[in-house]
Amino acid sequence: MCINVCYLEKVDYQESLSIQESIWSLRVEKKIGDTLLLLEHPPVITIGRRGSRNNILVSEEFLEKMDVEVFEVSRGGDVTYHGPGQLVGYPIFDLALTDRDIKKFVYLLEEVFIRLLKDQYDVEAHRDEDKYTGVWVGNDKIVAIGIAVKKWVTMHGFAFNVNTDLEHFSWIVPCGLKDRGVTSLERLIGSTIRFEDVVDKVQTYFGKVFGRSLNILDKEELFNLLKIQTQEGMER
């Protein structure tokens, strides 16, 4: 089986959530295969199921002035920031293909970035075994992970700090962890990285780690596929 992969470029959070929900419905009905969305968001703060608005450190007036929206979402975890220069990924996968093992799925997500960072950038990253999810370099998180699972199909996913403005993380307590920091690939290697190159590498390593071939779709192809599948479902 293959993974459908689509790079949506920059997308508002609400729009990306609607796209995820459409794909999730089709995946539950087995009308579409596992699908990975890759994209950037304008600055946005999301609060997971275990999150608290107390971990947002700036005022509503400040966020409004900066044009930053806040969303309460169904993923696990606490408060997370998304913004330009950060590669966000939403894998909508049927966990039957990983033995309905959520921990195994999260392990594989982490493995994508641990291998990629070592192989491509000579960066030693690691898990925080049995404590915190995500991928770390020292005590600094470079990849945040927070998923939701309904009917054994995943939503939400990961946020990989590539060229992210790390000052924006001062607006929150990232993931609710006061004793940890955040970092980016740009900071670690000392130069800005071409974003599209990282997109290509991430999708390649998804194929390697999950042992699957990739079906690369552009935005038009993805939206046409969703439209066709939805119409077929209505006609039945």
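# A tour from His82 to the pockets and salt bridges

Start by selecting His82, which is found in strand β5; helices (H or I, at least four residues) and strands (E, at least two) are DSSP runs, numbered from the N terminus. The model is predicted, so local features need pLDDT of at least 70 and side-chain atom pairs count only at pLDDT 80 or more, while totals for chains, interfaces and linings use all residues. Residues are numbered from 1 along each chain as its sequence is written, and side-chain values use heavy atoms, with hydrogens and water left out.

His82 has 7% relative accessibility and counts as buried. The classes are buried for under 20% relative accessible area, exposed for over 50%, and partly exposed in between (1.4 Å probe, protein chains only). Add Gln86 to the selection: the side chains of His82 and Gln86 make a polar contact at 2.8 Å. A polar contact is a pair of N or O atoms within 3.5 Å; within protein, one must be able to donate a hydrogen and the other to accept it, and residues adjacent in sequence count only if both atoms are side-chain atoms.

**Strand β9 and its partners**

Next select β9, residues 140-150. Eight of its eleven residues are buried, so β9 is largely enclosed by the rest of the structure. Two strands pair here if DSSP finds at least two bridges between them.

Show β8 (residues 132-137) alongside: three bridges join β8 to β9, and the two run antiparallel. Val135 has Val143 in β9 as its bridge partner. The hairpin of β8 and β9 has two residues between the strands, and Gly138 takes a positive phi near 65° there.

Then add β10, residues 153-161. Eight bridges pair β9 with β10 in the antiparallel sense, with Gly146 opposite Gly157 in β10. In this hairpin, too, two residues lie between the strands, and Lys151 takes a positive phi near 55°.

The strand to add after that is β11 (residues 181-182), which pairs with β9 in the parallel sense over two bridges. Here Asp140 stands opposite Gly181.

**The largest pocket**

Keep β9 displayed and select Arg50, Val106, Tyr132, Thr133 and Ile145, the closest to the centre of the largest pocket among its 37 lining residues. The pocket holds about 880 Å³ of space. On a 1 Å grid over the protein atoms alone, a cavity is a set of points where a 1.4 Å probe fits but cannot get out, and a pocket is an open set with protein on both sides within 12 Å along at least five of seven lines; lining residues have an atom within 4 Å of a point. Grid points are joined across faces, edges and corners, and a volume is the space filled by probe spheres set on the points.

Which element gives the largest share of this lining? β9 does, with seven residues. Elements that supply at least two residues each include β6 (86-92), α3 (102-121) and β7 (126-128). By class the lining has 16 nonpolar, nine polar and twelve charged residues. Ala, Val, Leu, Ile, Met, Phe, Trp, Tyr, Cys and Pro count as nonpolar, Asp, Glu, Lys and Arg as charged, and the others, Gly among them, as polar.

**The largest cavity**

The whole structure has two cavities of 30 Å³ or more, and the largest has a volume of about 60 Å³. Select Lys141, Ala144, Asn161, Phe169 and Val182, the closest to its centre of the 13 lining residues. β5 (79-82), β9 and β10 are the elements that give two or more residues to this lining. Its classes are nine nonpolar, three polar and one charged.

**Salt bridges**

The structure holds 14 salt bridges, each a side-chain nitrogen of Lys or Arg within 4 Å of a carboxyl oxygen of Asp or Glu. Select Arg180 and Asp128, whose closest N and O atoms are 2.7 Å apart. Arg180 lies in the loop between β10 and β11 and Asp128 in strand β7, so the pair ties together parts that are 52 residues apart in sequence. Both Arg180 and Asp128 are buried.

Move to Asp99 and Lys104, a salt bridge with closest N and O atoms 3.4 Å apart. Asp99 is exposed at 61% relative accessibility, and Lys104 is partly exposed at 35%.

Asp197 and Arg194 form another salt bridge, with closest N and O atoms 2.7 Å apart. Asp197 is partly exposed, its relative accessible area being 29%. Finish with Glu110, Glu111, Arg115 and Arg127, joined into one network by salt bridges that share partners.
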